[in-house]
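Take a moment to look over the sequence and the fold together before reading on. The paragraphs below go from the sheet to the metal site.

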Amino acid sequence: MSWFKREEGEYPAAAGGSDPEGSADAAAKTVRTEGLWTKCMGCRAVLYIPELEANLNVCPKCQHHFKMGARQRISILLEPGYELVDGGLRSTDPLNFTDVKPYKQRLRKAQEQTGLDDAILNAVGQMGPHGVVLSAMEYSFIGGSMGAVVGEAIARAIDRARLSRKPLIIVAASGGARMMEGVVSLMQLAKISTALAQLDDARVPYICVLTDPTTGGVTASFAMLGDLNIAEPGALIGFAGPRVIEQTIRQKLPEGFQRSEFLLEKGFLDAVVHRRDLKSYLIRALDFLKAPAAA
Ligand SMILES: [Zn+2]
C-alpha cells in the first residue's frame, strides 16, 4: 500500500518545459503563480506582475523593458477616445502551409490567445495636441511576424496617414517576415516601402519606434524608414539574429551588438528613449516635424 496516490497518470511537466503547448494539462494541475510573479531578465529580480504593469512593464529595479502588447501600447500612447481601425483582416493561408502543425491551426490558436486577428492593431487618435495614425505590432501573435495581414494593415495605416495628413507612428515588435506565408510575406516589404515613399512625397511625418525585438523583414523595410527611428532601451534590433551571425562568421560578436544603445552609437538610430518618456518625446518630435507645414 502506498502512502499517497497520484490521481492522474503523469507528472506535471517541469516549469519552463520545452513545449509550452504540451504542458497545458500540466498547468491545470499546478498552482497558478505565473499570473502574479515574473523574473526580470535584466537583473533576475522576482517582480510582482501588477506592480510591473503599473510601471509600464519596465523593471523598477534595473529598467529592463519587458515586451508590451499592442492594446496596452496604444492605450499608453494615445489619449482616451481613440478609435481602432482596419480590423477584421485575417490570413487566408495562401500556401496551405504545414510545418510541425498546420498554419491554420497556429493562426486559430494565436487568435484565441490574443483576441486579435493578426499581429497588429491600427488606431486613430490624439497624441497630446497631434492627431495621429498609430500602428502597433503584437509580438505574442506568432512572434509579431509580418504576413499579408500585417502588411496590408500597415499599408492601410500609411494610406490613412497620407490622405488625412496625420503623422504616422508605427511601434515595431517583430521576428520578421512570416515564414508560413513564404513569398507573400516578402512581398509586403515592397508594398509597405512603396506606400512609405508616397507618404514621404506627401511630406507627412513618419516615426518608427523600434521595440524588443525588431528583426528580419521588418527591420529591412518600414522599421528603418522613419523620418525618425527611435528605440526603447536594450531592444534587440537587427536583420539576422546575433546567434545566426556568430555561427556564420564564426566569431564572437562584441558586447551589446544589435542592441539599441550600440545601434545609436553606430548611427542606425536617432534616439533611445525610455518608455516612460516615449509619449512626451513623440509629441515634441511631432511639434518639430509639423512646424514648417503650419508656418
Ligand atoms: Zn530588472
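Two strands are said to pair if DSSP finds at least two bridges between them, and strands are themselves DSSP runs of at least two residues, numbered from the N terminus. In this predicted model, that wording helps to place I120, which stands opposite M137 in strand 5. The pairing behind this is that of strand 4 (residues 120-127) with strand 5 (residues 130-137), which run in the antiparallel sense and are joined over eight bridges.

In general, strands of a sheet pair through backbone hydrogen bonds, either parallel or antiparallel. Here seven strands form an open sheet with mixed pairing, in the order 3-4-5-6-7-8-9. Strand 3 (83-85) and strand 9 (271-272) each have a single partner strand and stand at the edges, so one side of each is left without a neighbour in the sheet. Across strand 3, strand 4, strand 5 and strand 6 (168-174) lies helix 5 (residues 148-164), which runs at about 175° to strand 5.

The metal site can be followed in a similar way. The zinc ion has as its protein donors the SG atoms of C40, C43, C59 and C62, at 2.3 to 2.4 Å, and in sequence these residues follow the spacing C-x2-C-x15-C-x2-C. Of these, C43 and C62 link distant parts of the chain, being 19 residues apart: C43 sits in the loop between strand 1 (37-39) and strand 2 (46-48), while C62 sits in the loop between helix 2 (49-54) and helix 3 (70-77). Why is the arrangement around the zinc ion called tetrahedral? The four donor atoms subtend angles of 104 to 112° there, which makes it so.

Definitions and conventions: Residues numbered from 1 in each chain as written. Predicted model: local features only at pLDDT ≥ 70, side-chain atom pairs only at ≥ 80, totals over all residues. Heavy atoms only, no water. Donors = N, O, S within 2.8 Å, 3.2 Å for Na, K, Ca; no water. Tetrahedral: all angles 85-135°; square planar, octahedral: opposite > 155°, others 65-115°. Helix = DSSP H or I, 4+ residues; strand = E, 2+ residues; numbered from the N terminus. Contact = heavy atoms within 4.5 Å. Axes fitted to C-alpha atoms, helices over the stretch in contact; angles between N-to-C directions.
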